Amino acid sequence: MQRLAERVKVAAIFAPGCQVKPVWFEWRSQKHAITRLSFFWKDHLGGASRLHFAVSDGSNLFELVFDTSDQNWTLEGVEEQ
Amino acid sequence: MNAFFASVEQQSNPALRGKPIAVIGAAKRTIITTCSYEARAFGVKTGMNSWQARQKCPELIFVVGNNRKYTYTSKQIIGIMREYTPLVEVFSIDEAFLDVTGCLSLFGSAERIALLIKERIGKELGLTCSIGIAPNKLLAKLASDMQKPDGLTVIEPDKVSQVMERVPIQDLCGIGAKMQQHLAKFGIRTCGDLGRFPVEILKRNFGVTGERLHYMGLGLDSAPVVPEEEAEEVKSVGHSTTLDNDITERREILIYLLQLSEMVGRRARKYQVAGRTITLTVRYADFTTFSRQESRASHTNNSEAIYQAAVKILESLELTQAVRLLGVKISNLRHHTEQLPLFPAERKKALLANAMDDVNNKFGDFAVTFGSLLGKESGSKVISPAWRPEGVRNVDVD
């Protein structure tokens with residue numbers, strides 16, 4: 001996976017039960033609709049919880065990260081399929 | 001779990017499913033941590049280097065592992081298990097023993113519990129596991145290894161001797177290659193052979209282990225399932241690291257020792273343990289490994305004190321080869337300790353360590369650290385077999 005670590009704009013659904021589901025994101029002036037969430041995991045960096053989402057837009061695999069401490073979304077990496 | 005790390009990667013990246021993949025570390029020494037069943041079909045095995053693996057399977061896809069993804073997933077799986085019984089003993093990151101005796105009236109049978117757990121792990125995480133059901137831990141582990149991947153094997157109490165008769169002794173957990181060789185000298189090859197062999201001769205040759213071997217051959221094991229909260233307190237806190245390259249320079253060795261000492265000290269302070277004995281482990285390039293230890297007058301969990309003790313040990317050694325691995329450990333532990341320092345110099349050191357811990361708790365390990373470690377990659381790169389989801393054995397990995 002190519003590491004990017006770029007801040008991105010993300011639309012997500014925050015559902016009851018602390019469920020977060022990213023729906024689309026904008027990266028390099030292009031909107032990518034998320035067609036599949038293939039894996040989710042959580043880790044910590046110091047006091048910050050980070051939610052990791054392995055998602056696909058139907059073409060490529062992306063890793064989106066939501067930092068709960070500063071509410072930022074980061075596109076951590078991309079893998080062309 | 002079945003090929004745990006590789007299965008997690010195949011689940012994360014659907015393009016890898018059904019393909020031969022090998023999970024490797026991010027470090028320069030690329031040893032295969034685990035591989036998918038598709039890769040195993042080509043003869044790829046854990047512990048091979050990437051070149052050997054590529055010889056076996058030219059189409060092999062290498063994936064750099066993500067330890068945090070695996071530890072999180074492991075915790076989720078353990079959480080599912082604990083919904084069926086509180087008696088869960090985590091054996092490693094991808095293995096656990098469950099005692100379901102007290103929960104049978106709630107769920108019906110052990111088989112039903114096993115199927116429910118398999119279903120939940122499959123549905124919620126997309127992973128498969130193999131489960132063994134038997135009267136004790138030794139047999140349950142044996143049963144779980146009998147059918148992989150995605151297996152469910154039951155050894156009924158009245159079928160134990162029949163099953164054990166032909167099982168090769170090396171299939172038993174706890175019998176390694178050396179013990180297998182020793183036992184072969186007595187003509188013992190199967191568990192049936194082991195169970196029938198005179199226990200007195202086993203005791204004469206293997207001491208107390210001889211009696212245990214006899215019972216293992218009969219499929220008997222009295223060890224209970226011990227959940228984390230009832231487990232014995234740890235006897236040591238340590239970290240080791242395989243270096244990116246073999247090194248000979250003392251200056252470089254010292255930097256690694258400082259880094260390891262800080263990791264040990266920080267974890268010891270977090271869980272309020274302090275040690276009186278400091279051990280330094282060195283592995284040479286030819287894999288010769290040795291440890292030396294030094295006991296202090298008082299207990300400590302101060303990183304600098306641990307480092308100074310490790311340096312003292314290093315200075316007493318004459319290194320004859322380049323170093324491949326270094327390890328630092330504190331033992332002879334005192335638990336739930338918070339010694340208030342009496343003297344100003346000691347108090348300053350404790351305050352400094354506390355201040356550094358506070359910053360690192362907020363911004364992440366090594367956010368503030370010793371000047372010598374600046375710019376150096378830090379943290380645990382490998383999930384130790386002793387890793388556990390909670391407590392002092394819960395090592396944060398990178």
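I began with a rule I needed for one helix: the expected span of a helix is 1.5 Å times one less than its number of residues. The model I am looking at is a predicted one.

**Helix α15 of chain B.** I applied this rule to α15(B), residues 344–363, and because the helix has 20 residues at 1.5 Å a residue, I expected a span of 28 Å; its end C-alpha atoms lie 28 Å apart, which agrees. I then looked just past the end of α15(B), where Gly364(B) has a positive phi of about 110 degrees.

**Domains of chain B.** I looked up the domain assignment, which lists domain 1 (4–65), domain 2 (77–158), domain 3 (160–217) and domain 4 (232–384). For domain 1 and domain 2 of chain B, I noted that their centres, taken over C-alpha atoms, are separated by 26 Å, and that five residues of domain 1 are in contact with seven residues of domain 2. On the domain 1 side, the largest share, four residues, is supplied by helix α1 (residues 4–12) of chain B, and that side divides into three nonpolar, two polar and no charged residues.

**Helices α4 and α6 of chain B.** I next turned to α4(B), residues 67–82, and α6(B), residues 110–125, which pack at an angle of about 145 degrees with their axes 10 Å apart, in a crossing that is right-handed. I found that α4(B) contributes Thr73(B), Gln76(B), Ile77(B), Ile80(B) and Met81(B) to the contact, while α6(B) contributes Ile117(B), Arg120(B), Ile121(B) and Leu125(B). I sorted the residues of this contact into six nonpolar, two polar and one charged.

How values were computed
Residues are numbered from 1 along each chain as its sequence is written. Chains are lettered from A and ligands numbered from 1 in the order in which they are written. This is a predicted model: local features need pLDDT of at least 70, side-chain atom pairs count only at pLDDT 80 or more; totals for chains, interfaces and linings use all residues. Axes are lines fitted to C-alpha atoms, for helices over the stretch in contact, and angles run from 0 to 180 degrees between N-to-C directions. Helices (H or I, at least four residues) and strands (E, at least two) are DSSP runs, numbered from the N terminus. A crossing is left-handed if the near helix is turned anticlockwise from the far one by less than a right angle, and right-handed if clockwise. Two residues are in contact if their C-beta atoms, placed from the backbone, lie within 7 Å. Ala, Val, Leu, Ile, Met, Phe, Trp, Tyr, Cys and Pro count as nonpolar, Asp, Glu, Lys and Arg as charged, and the others, Gly among them, as polar. Domain bounds come from an automatic or database domain assignment.
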